[in-house]
Amino acid sequence: MESLKEQLACLRRQADQINEKILDALNEFFTISNQIGEVKEKMKMAFYDPVRESEMLKEMEAKNKGPLSQDKMKRIFREIFAASIEEMIMGEQKRLKISRLPGSKNSVIEVRGVSIGAEMPVIIAGPCSVESYDQIWETASQLNNLGVRLLRGGAFKPRTSPYSFQGLEEEGLKLLRTVADEFGMGVVTEVLGDRDIELVVNYADVIQVGTRNMLNYSLLKELGKIRKPILLKRGFMATIDEFILAAEYIYLGGNTQIILCERGIRTFENQTRNTLDISCVPILKKETTLPVIVDVSHSLGRKDIIKPIARAALAAGADGLMFEAHCDPASALSDADQQLDPEETKDLIDYLTQHFVFGDRKSGPAR
Ligand code: PEP
Ligand code: MN
């Protein structure tokens, strides 16, 4: 018995030593495979190469002297190869220009004296669409009185139906700029396609890319060439990774001023217009250095739960909120149901300032 015990202890010591060797060999293997990943990335090659993998397994099969069975040997190596591909993908993501690395600073975007992505959150509000001088003036005036510094409004409207109001286009941009200038506000407005960029740039302080355009790579590339902040909305069918890569397209072109906007994704739930993915906020903050704002109007499509949801978005770490406000929502030409009327707007802002200190106004207790 005593000698068997000694034998077991001795074999265990040998196994421990071999474990160490396997570990060293694995680390050596992953060092090389990560380098292969970097080279493949530069060559724009796919990380996974099934032909090469089966060749490697065949070679191993020929060299395997046992007692490890061929099946088990192949299973183990397949696991190792799969893990190496995973590492390559993770490495690629870490190498994105917008990735947050240890010690990275937050990107702060300055828009007419408002810092987006700094310590305190900000508000972007305004009607869904610019409809007339009186409508945009009335709405902006009321928002200005409430301390809102960034005015949103669509002049080019991406409507599901081609028969719905499409926006006032250049006339709308002019009205928005004129009124915003009167109140010293910044303008956030959407561009629908490459050919309108030049026009929109002349009037906007922040150019919005709507949810339907998040995957429009030619538009994203063009926006990478300009030097104005871009508010990039998450595609309603896009994963967080796809959202991050869309922002990388803009950044890669040289335009580093990007604000990410979560606006809800399409799910089977139909009590809200979209499903607001709150977890996306801390994930985007963790994985990128970009400011993240939450559009509580398009995500919900309803007003009755806007207060707790806006509070939740800020509690999750959002750098700001976007919502639709209209001087007379009942007469609105788009999204009438979700736009806040003047009283509701005041009520929401009063509520939020009880809980958070905003960077674009001066009241309320600490965040
Ligand atoms: C908008 O903000 O006007 C808009 C159309 O939003 P989304 O692209 O998120 O639907
Ligand atoms: Mn709208």
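Pro 67 sits in the loop between α2 and α3. The peptide bond that leads into Pro 67 from Gly 66 is cis, with omega near 10 degrees. The model is predicted, so every value here is computed from predicted coordinates.

Follow the chain onward into α3. This helix covers residues 70–94. Its 25 residues should span 36 Å at 1.5 Å a residue, and the end C-alpha atoms are indeed 36 Å apart, which agrees. Which residues of α3 are buried? They are Met 73, Lys 74, Ile 80, Phe 81, Ser 84, Ile 85, Met 88 and Gly 91. An α-helix has 3.6 residues a turn, so residues three or four places apart point the same way. The list can be read with that in mind: Phe 81, Ser 84, Ile 85 and Met 88 are among the buried residues. What do the buried residues of α3 pack against? Their partners are α1, residues 2–42, and α2, residues 50–63.

Tyr 48 belongs to this part of the story. Its place is the loop between α1 and α2. Tyr 48 counts as partly exposed because its relative accessibility is 48%, and exposed would require over 50%. Not counting residues up to four places away in sequence, Tyr 48 touches Glu 53 and Ile 85. Ile 85 is one of the buried residues of α3. Val 200 is another matter: it lies 152 residues from Tyr 48 along the chain, and their C-alpha atoms are separated by 42 Å.

Now step back to the whole chain. It has 12 helices and 10 strands. The radius of gyration is 27 Å, well over the 21 Å that the globule rule gives for 367 residues, so the chain is more spread out than a compact globule. The C-alpha atoms fill a box of roughly 95 × 45 × 40 Å along the principal axes. Buried residues make up 45% of the 367. Take the contacts between residues at least 6 apart in sequence: 68% of them join residues at least 24 apart. The accessible surface comes to about 19200 Å², and carbon and sulfur atoms account for 54% of that. The chain carries 48 positive and 54 negative charges, and the mean positions of the two sets are 5 Å apart.

Two loop residues deserve a look for their backbone angles. Arg 112 lies between β1, residues 109–111, and β2, residues 114–116. Its phi is near 45 degrees, a positive value in a residue other than glycine. Glu 169 lies in the loop between β4, residues 150–152, and α5, residues 170–183. Here phi is near 55 degrees, again positive in a residue other than glycine. Is Glu 169 buried or partly exposed? At 40% relative accessibility, Glu 169 counts as partly exposed.

Move on to Lys 303. It is found in the loop between α10, residues 296–300, and α11, residues 306–315. Its relative accessible area is 23%, so Lys 303 is partly exposed; the cut-off for buried is under 20%. Leaving aside neighbours within four places in sequence, Lys 303 is in contact with Pro 329, Asp 337, Gln 338, Gln 339, Leu 340, Asp 341 and Glu 344. Asp 337 is 34 residues away in sequence, yet the C-alpha atoms of Lys 303 and Asp 337 are 7.6 Å apart.

Glu 344 leads us into α12, which runs over residues 342–355. This helix has 14 residues and reaches 21 Å from its first C-alpha to its last, close to the 20 Å expected at 1.5 Å a residue. Its buried residues are Thr 345, Leu 348, Ile 349, Tyr 351, Leu 352 and Thr 353. What covers them? The cover includes β3 (122–126), α4 (133–145), α11 and β10 (320–324).

The segment after α12 holds Asp 360. Asp 360 is buried because its relative accessible area is 9%, and buried means under 20%. Beyond residues up to four places away in sequence, Asp 360 touches Val 114, Pro 121, Val 122, Ile 123, Gly 147 and Arg 149. Val 188 is 172 residues from Asp 360 in sequence, and their C-alpha atoms are 15 Å apart.

Methods:
Residues numbered from 1 in each chain as written. Chains lettered and ligands numbered in written order. Predicted model: local features only at pLDDT ≥ 70, side-chain atom pairs only at ≥ 80, totals over all residues. Heavy atoms only, no water. Helix = DSSP H or I, 4+ residues; strand = E, 2+ residues; numbered from the N terminus. Expected span 1.5 Å × (residues − 1). Buried < 20%, exposed > 50% of the residue type's maximum accessible area, 1.4 Å probe, protein only. Contact = heavy atoms within 4.5 Å. Rg over C-alpha atoms; globule rule 2.2 N^0.38 Å. Areas by Shrake-Rupley, 256 points an atom, 1.4 Å probe, with all protein chains shown as cover. Lys, Arg positive; Asp, Glu negative; His and termini not counted. Charge placed at Lys NZ, Arg CZ, Asp CG, Glu CD.
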